[in-house]
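Here are my notes on this one, jotted down as I went through it. Have the structure open next to you while you read.

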Amino acid sequence: MLALGAVSLLTDVSSEMVTAILPLYLVLGLGFSPLQFGVLDGIYTGVTALVRVVGGHAADRWQRRKLVAGLGYGISALGKLGLLAAGTSATAMGLVLAGDRTGKGLRTAPRDALITLSSEPSALGRAFGVHRAMDTVGAFLGPLVAFCLLWTLPARYDVVFVVSFCFAALGFLVLVLFVRDHRDVLPRVAVSLRNAFGLLRSRPFRRVCLVACGLGLLTLGDGFIYLLLQKQLDVEVAYIALLPLGTAGVYLLAAVPVGALADRVGRWRIFLAGHLALLGAYALFLGTSGIALLVGVLLLHGLFYACTDGVLMAVAGPMVPEELRTSGLALLQTGQVLARAFSSVLFGAMWTWFAW
């Protein structure tokens, strides 16, 4: 689990370097409209849905979770270099981002399945909390590295993309050398997509999927949160890349204790509480300003991730048979990201049409 945490840490440094500057680069640098950004953010979020279930099925069928995860990490690493060639074309940028998210879609469910198979069922919340804490160290460092690069080399986004690739490549190397697969602990059984989708016949698992998808429709992409903060607080453009540090810092501090709390008081309760925190962050935009808005939104946004990201996987993991563990988690994640992608496109369209 610690090796997977190290892989995620390095990969998140790479990913968050790009994520932190993407609103700045697209909207303020290339002049994209909020609608265009919303569509690209939707692609960035939702294209993973096209490969999650297939990747999860392949990982279960072949019992090659490490191989499928490694393929995903490798594709995402190469996608960072693709950003250099995309130029100012929205179409090219969309294709590159789609490729990067394809890699994420392939790797996420096999990685989470490996965590569940490496941990005691009674401590899954804590296990995911530790992993997500390490992951969030990378999410914290990524924007900081991007900011330092742009501060030293203004508008040199190409340098950011190259350094991002280097971190992603290092994470891939750690996966290959230090992460152990769990093929030996599972029985060899026939695994099919029909059986994977058949998991939805289970009422508890179906309920988790429906609630996660419904709440996903209410979840704005992170980029919009930071663009709204920049708009309302008139944040200096160069400092937009630092805004994710607030979210990541709260997430880092809260992930392990919140995961342990979820094991004690109920993972489902903590998951729902996280969405109440997100709702509170949205409410602050309506009646708060200044430092209170900045601190409040970033604090509640970080708590939202601490209460939902790994906790949802800890909720669903024990509901899925071991031989279909990756497929089941991929199915759940697919519905959630599709809902969030739709939310991003809709909000971008509303922002553009109503000229907020």
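1. Start with residues 337-354. In this predicted model, that stretch is 100% helix and 0% strand, and its end C-alpha atoms sit 26 Å apart. An unreviewed UniProt entry lists residues 337-354 under "transmembrane region".

2. The same unreviewed entry gives other spans that label, among them residues 291-316. Here too the chain is 100% helix with 0% strand, and 38 Å separates the end C-alpha atoms. The rest of the UniProt list is residues 25-55, 136-153, 159-179, 208-229 and 241-261.

3. How far can you trust the coordinates? The chain has an average pLDDT of 82, with 89% of the residues scoring at least 70. Confidence peaks in helix α12 (residues 267-287), where the mean is 93. Helix α2 (residues 34-46) is at the bottom, with a mean of 67. Where pLDDT is low, it's best not to read the predicted coordinates in detail.

4. Now for the packing. The largest nonpolar core has 59 residues, and the members touching the most others are F205, I225, L229, F285, L312 and L332. Helix α13 (residues 290-316) is the top contributor to this core, supplying 13 residues. There's also a second, separate core of 22 residues, with M17, L26, V96 and L97 among its members.

5. L312 is worth a click. Skip its neighbours within four places in sequence, and L312 is in contact with V208, A212, F271, L332 and Q336. One of those partners, L332, is also on the list of core residues that touch the most other members.

6. How many salt bridges are there? The count is three. One joins the side chains of R111 and D112, with N and O 3.1 Å apart. Both partners are buried: R111 has a relative accessible area of 8%, and D112 comes in at 0%.

7. The pair D158 and R156 also forms a salt bridge, at 2.9 Å from N to O. Are these two buried or partly exposed? D158 is partly exposed, at 32% relative accessible area, and R156 is partly exposed as well, at 39%.

8. The remaining bridge links R267 and D263, whose closest N and O atoms are 2.9 Å apart. This pair is split: R267 counts as buried at 15% relative accessibility, while D263 counts as partly exposed at 24%.

9. If you're hunting for disulfides, the structure holds zero. Why doesn't C213 form one? The cysteine sulfur closest to that of C213 belongs to C209 and is 6.4 Å away, so it is too far for a bond; the cut-off is 2.5 Å. C213 is partly exposed, at 23% relative accessibility. C148 is partly exposed too, with a relative accessible area of 41%.

10. Last stop: L210, which belongs to helix α9 (residues 203-216). Is L210 buried or exposed? L210 is exposed, with a relative accessible area of 60%. In soluble globular proteins, nonpolar side chains tend to be buried together. Keep in mind, though, that the unreviewed UniProt entry includes residues 208-229 under "transmembrane region". Look also at L200, ten residues from L210 along the chain: the C-alpha atoms of the two are separated by 9.9 Å.

Note on methods:
Residues are numbered from 1 along each chain as its sequence is written. This is a predicted model: local features need pLDDT of at least 70, side-chain atom pairs count only at pLDDT 80 or more; totals for chains, interfaces and linings use all residues. Side-chain values use heavy atoms; hydrogens and water are left out. pLDDT is the predictor's confidence in each residue, from 0 to 100. Helices (H or I, at least four residues) and strands (E, at least two) are DSSP runs, numbered from the N terminus. UniProt positions are given in the numbering used here, feature names are shortened, and annotations may be inferred rather than shown by experiment. A salt bridge is a side-chain nitrogen of Lys or Arg within 4 Å of a carboxyl oxygen of Asp or Glu. Buried means under 20% relative accessible area, exposed over 50%, partly exposed in between (1.4 Å probe, protein chains only). A nonpolar core is a set of buried Ala, Val, Leu, Ile, Met, Phe, Trp, Tyr and Cys residues joined through side-chain atoms within 4.5 Å. Contact means heavy atoms within 4.5 Å.
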